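Good morning, colleagues. Please take a moment to look at the sequence and the model on the screen before we go through some of its local features.

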Amino acid sequence: MSSVYINSASCISVQDTLNENILQNLSPESSVQMLKAIEPNYKEFIPPAMIRRMSKTVKMSSVASNYALQEAGITQPDAIIVGTGMGCSQDSEKFLKNVIDNNEEFLTPTFFIQSTHNTVSGQIALALQCHAYNFTYVNTSSSLEFSLLDAQLQIKDGEAENILVGSTDEQTGRTMELYCLHNIIKKEKDLPADYLHSTTDGVIWGEGASFFVVGKNKTETSYAKLTGILIINTLELNETQDFIQDFLKKNNLSDRDIDAVILGFSGAATSDVYYTEAMNIFPASALLYYKHLSGEFNTASGFSTFLACHILKEQQIPEVMMINGNTKSEVKNILLYNHLAGHDHSLVLLERV
């Protein structure tokens, strides 16, 4: 069984993650209900005629995937796998609005065609003229993890050597209104959010796209070794520590082997207790959090995976991410733990190359 490496990492997020010195320029935000992604100049990457027909998530993904492929020196991946929680919700809303406005008559199919979740992977494949395996995972907060697991299995089985793996989600007006009505998004009176010691529910919502080239061979651009992935749909609070320790044991590691743990604290008091429970396993590790930098959304773990790759490569931990005072002279193993509102728990283990 061959090893699996992350050979490039690209991200469009609410931080300026397309530029250099990413770890030094992270800026937290806790006083608004929704965070918007910093978008590049799309005209540099996409023909203007196509930009008009693309939703935000397709545009972000097209650019992020382009950066990832360029960094890895790959022109044709052996597969394209994308994870998304909400898909192209902008075009879904446009289509549904057309249905209502036109009394279900004389509808143009364009918005419907572009509203499907696999539009992103399809558009990337069209741009690359790539006819290889093309798949989209829609598993709420574990969509990226399922995508990485698929890529890992294909590489280990010898079915592929270089796979483009990505995650993407966008904000849309009506969906955000519904999230506010359903108290998924924090009320204005509960802002600024306290991510680590919150006493209120609701989150600050973000968006973004993260893409990686996962490969069979270690290269000059390699960030990390993808050691292990574990996903579970539901988990009782008292099972959290066993869930993590069993995963470490399966990978022949103990809690002392984990140099840094990146936890998905979102500021939602009810569900953040899982992360508090997990912290107790790692008294000697550097404990980190990240959603004060990205916001919460279905594929926010793409942002944390991107940061973890840079921490392993650059061997430095940004102070803005630290929960405790544990610092490490060398970061060899990073564990990422994420869930969304207490469901779809995932563990990803990355190792320094």
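Which residues form a negative surface patch? The patch is made up of E236, E239, D242 and D246. Please bear in mind throughout that we are looking at a predicted model. Of these four, let me place E239: this residue sits in the loop that runs between β6 (224-232) and α8 (240-250). E239 counts as partly exposed, because its relative accessibility is 37%.

I now turn to the salt bridges. In general, side chains of opposite charge can pair when their charged atoms come close. How many salt bridges does the count come to? The count is seven, and I shall discuss three of them.

The salt bridge between E207 and K56 has its closest N and O atoms 2.4 Å apart. This pair connects distant parts of the chain: E207 belongs to the loop between α7 and β5, K56 belongs to helix α2, and 151 residues separate them. Are E207 and K56 buried or exposed? Both are buried. For E207 the assignment is buried because its relative accessibility is 0%, a value below the 20% limit for that class. The loop in which E207 is found lies between α7 (173-181) and β5 (208-215). The side chain of E207 has a further polar partner in the backbone: one of its polar atoms lies 2.9 Å from the backbone nitrogen of A37.

The next salt bridge joins the side chains of E296 and K291, at 3.1 Å from N to O. E296 is classed as buried because its relative accessible area is 3%, and K291 is likewise classed as buried because its relative accessibility is 0%. Turning back to K56 and E207, these residues are joined with E39 into one network by salt bridges that share partners.

The last of the three is found within a helix. D101 and K97 form a salt bridge of 2.8 Å, N to O. Both residues lie in helix α3, four residues apart, which is about one turn of the helix. D101 counts as partly exposed because its relative accessibility is 47%, whereas K97 counts as exposed because its relative accessible area is 51%. The limit that separates these two classes is 50%.

Let me move to backbone geometry. Most residues other than glycine have a negative phi, and most peptide bonds are trans. Where, then, is N103, a residue with phi near 50 degrees? N103 is located in the loop between α3 (89-101) and α4 (110-114). With 61% relative accessibility, N103 is exposed. N183 also has a positive phi, of about 60 degrees, without being a glycine. Its place is the loop between α7 and β5, and N183 is partly exposed at 40% relative accessibility.

The loop between α7 and β5 also holds P192. The peptide bond leading from L191 to P192 is cis, with omega near 0 degrees.

Finally, I would draw your attention to G73, in the loop between α2 (56-72) and β2 (79-83). G73 is exposed, with a relative accessibility of 60%. What distance separates the C-alpha atoms of G73 and N7? That distance is 9.4 Å, for two residues that are 66 residues apart along the chain.

To close, I return to the loop between α7 and β5, where we have placed E207, N183 and P192. Thank you for your attention.

Notes. Residues are numbered from 1 along each chain as its sequence is written. This is a predicted model: local features need pLDDT of at least 70, side-chain atom pairs count only at pLDDT 80 or more; totals for chains, interfaces and linings use all residues. Side-chain values use heavy atoms; hydrogens and water are left out. Patches are made of residues with over 30% relative accessible area and no salt bridge: like charges are joined within 9 Å, nonpolar side chains (Val, Leu, Ile, Met, Phe, Trp, Tyr) within 5 Å. Accessible areas come from the Shrake-Rupley method with a 1.4 Å probe; for residues, only the protein chains shown count as cover. A salt bridge is a side-chain nitrogen of Lys or Arg within 4 Å of a carboxyl oxygen of Asp or Glu. Lys and Arg count as positive and Asp and Glu as negative; His and the chain ends are not counted. The place of a charge is taken as NZ of Lys, CZ of Arg, CG of Asp or CD of Glu. Helices (H or I, at least four residues) and strands (E, at least two) are DSSP runs, numbered from the N terminus. Buried means under 20% relative accessible area, exposed over 50%, partly exposed in between (1.4 Å probe, protein chains only). A polar contact is a pair of N or O atoms within 3.5 Å; within protein, one must be able to donate a hydrogen and the other to accept it, and residues adjacent in sequence count only if both atoms are side-chain atoms.
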